[in-house]
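User: I should like to learn how cavities, pockets and local contacts are read from a model. Where should one begin?

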Amino acid sequence: MKKHFLSAAVLAALGLNAQANTLGGDNLTISGFGTLGVAKSNTDEAKFARYNQATGVGDSPRLGLDTNLGLQASYKFSEQLSGTVQVLTRKNTSPSFTTDLTWAFLKYQVNDELSVRAGRMAMPIFLISDYQNVGYANTMMRPPIEMYGQAPLENVDGADINWQRAFGDTNVTVQVFGGVSRGKLFIPTGGGSVAKHQSPAYGFNVSAEHGPFTARLGHARGDIDSSNVGPINTLANTLTAVGFAQVAQDITLKGGKKIAFTSLGLSMDWKNIVLQTEYAQRRAKEAVYIPDTNAWYAMAGYRFGKVLPYYAHAAYEGKGSSVTLPASLARTGVLGATVANLLVSPEQSSDLIGVRWDFAKSMALKVQVDRVKPKVKGGQLVFGPAAGMKNDVTVVAAAVDFVF
């Protein structure tokens, strides 16, 4: 993609926004968001990437880590019925920039407290799931990979019910959803490959807001189904050929494997103090190669006028496997060791420090330094040494976030 894409797209979006009243009167609203960012690390031994990205950053500056552009259009058909469409351009499972349909739903407002949506929506798993791609809406430059890399499901095609009510000064929202999540998974092993998945999913999300405080509990279950995870299928075929058909079936995603995600998030923006934290678990409910994990992060910042410095610590650790290996497999030597290693989760922690400067209306400049400490299997760094990345990695990034 040409380097001038983002600036041209933003200008085009601003032009569309200016014509919104002409195109649809007061019923049509066109808006957008974006980030223009550059990042590099101190090494080329391994690449630092966001979750599900096919490429990362090494010791040369790159635009693809944080740069994105989102455009959104909403149309109000009546007092009760409206529709929203959102597209997002970014680097994800492809080495180049691609554009995906992230939202496309109709919303019916039954009354002041109850609404129903049908179509494509963001999976409300984590604290900032609804706006994790909107850099301007977040204090940090990017959601901590240790936390947000746990869930491979980003969108769901289906329906949800939202209920809101105020209890005194506390506003409570309950969301229940169900449908099918469709998308792609980037598999970094073996030089990298992409697998498509189609996964029935359902769950709920409960949030409460009281003044500057927000608490959010999310739970989702996905029956993750993918038949073309190349490295896993190759290993499964070998296991079947040497008499371990049950292990082969256990490790794959063929036919769908049930996995649960649960998270609890808290945030506070009180006077000049900004706090945000989350804890989450991923648990397999059926035997599968994807290991169980725990993750958490905590962020604190203090606002000096339009400047907000912040610090955060994040960690990600394995909590075991759902697959039971027969003792006879260990006696096969390399094959047994390969399967056992597959079931071990990567682990890492990070310390990051940054500053946000709201230098203009609807625009913010961020500079952030991450110190990534890979532990087991090189952490979540991609394309690292075969033995795993042993050394800490420092990532430096700067970006301008904007909304319009």
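Analyst: A cavity is a set of grid points where a 1.4 Å probe fits but cannot get out, and its volume is the space filled by probe spheres set on those points. The model shown here is predicted. In this model the second largest cavity has a volume of about 60 Å³.

User: Which residues line the second largest cavity, and how do they divide by class?

Analyst: The lining consists of T35, R50, D66, N68, Q132, N133, G135, N138, M140, M141, R142 and P143. These residues divide into three nonpolar, six polar and three charged.

User: How many cavities of 30 Å³ or more are found in the whole structure, and what is the volume of the largest cavity?

Analyst: The search returns three such cavities, and the largest cavity holds about 70 Å³. Its lining is formed by F48, R142, P143, P144, I145, E146, A314, S350, L352, Q368, D370 and V372. Two or more of the lining residues come from each of α3 (145-148), β14 (348-360) and β15 (363-374). The greatest contribution is that of β15, with three residues. By class, seven of the lining residues are nonpolar, two polar and three charged.

User: How does a pocket differ from a cavity in this reading, and what volume has the largest pocket?

Analyst: A pocket is an open set of points, whereas the probe in a cavity cannot get out. The largest pocket here has a volume of about 1,300 Å³. It is lined by 46 residues, of which P188, T189, P346, K377 and G379 are the closest to its centre. Among the secondary-structure elements, β7 (170-187), α4 (230-241) and α7 (334-342) each provide at least two lining residues. The class division of this lining is 29 nonpolar, 14 polar and three charged.

User: What is the corresponding description of the second largest pocket?

Analyst: The second largest pocket encloses about 990 Å³. Among its 42 lining residues, those closest to the centre are L127, D130, Y131, E209 and R216. Its lining comprises 14 nonpolar, 16 polar and twelve charged residues.

User: K377 was named in the lining of the largest pocket. What is the sign of its phi, and where does K377 lie?

Analyst: The general idea concerns the usual sign: most residues other than glycine have a negative phi. For K377, phi is near 55°, a positive value. K377 is placed in the loop between β15 and β16 (393-403). Because its relative accessibility is 33%, K377 counts as partly exposed.

User: What is the phi of N52, and is N52 buried or exposed?

Analyst: N52 also has a positive phi, near 75°. N52 belongs to the loop between β1 (28-41) and β2 (68-76). With a relative accessible area of 12%, N52 is therefore buried.

User: How should one read a charged side chain set over an aromatic ring, and which ring does R117 lie over?

Analyst: For arginine, one asks whether CZ is within 6 Å of the ring centre and within 35 degrees of the ring normal. R117 lies over the face of F105, at 4.7 Å from the ring centre. A further case is R356, which lies over the face of Y136 at 4.8 Å from the ring centre. As for rings paired with rings, eight aromatic pairs are found in the whole structure.

User: In which strand is R117 placed, and which side chain does R117 join in a polar contact?

Analyst: R117 is in strand β5 (residues 114-122). The side chain of R117 makes a polar contact of 2.7 Å with the side chain of D160. Since its relative accessible area is 17%, R117 is classed as buried.

Conventions. Residues numbered from 1 in each chain as written. Predicted model: local features only at pLDDT ≥ 70, side-chain atom pairs only at ≥ 80, totals over all residues. Heavy atoms only, no water. 1 Å grid on protein atoms, 1.4 Å probe; cavity = no way out; pocket = protein on both sides within 12 Å on 5 of 7 lines; lining within 4 Å. Helix = DSSP H or I, 4+ residues; strand = E, 2+ residues; numbered from the N terminus. Nonpolar A, V, L, I, M, F, W, Y, C, P; charged D, E, K, R; others polar. Phe/Tyr/Trp six-rings, centres within 6.5 Å; stacked < 30°, edge-to-face > 60°. Buried < 20%, exposed > 50% of the residue type's maximum accessible area, 1.4 Å probe, protein only. Polar contact = N/O pair within 3.5 Å; in protein donor to acceptor, adjacent residues only side chain to side chain.
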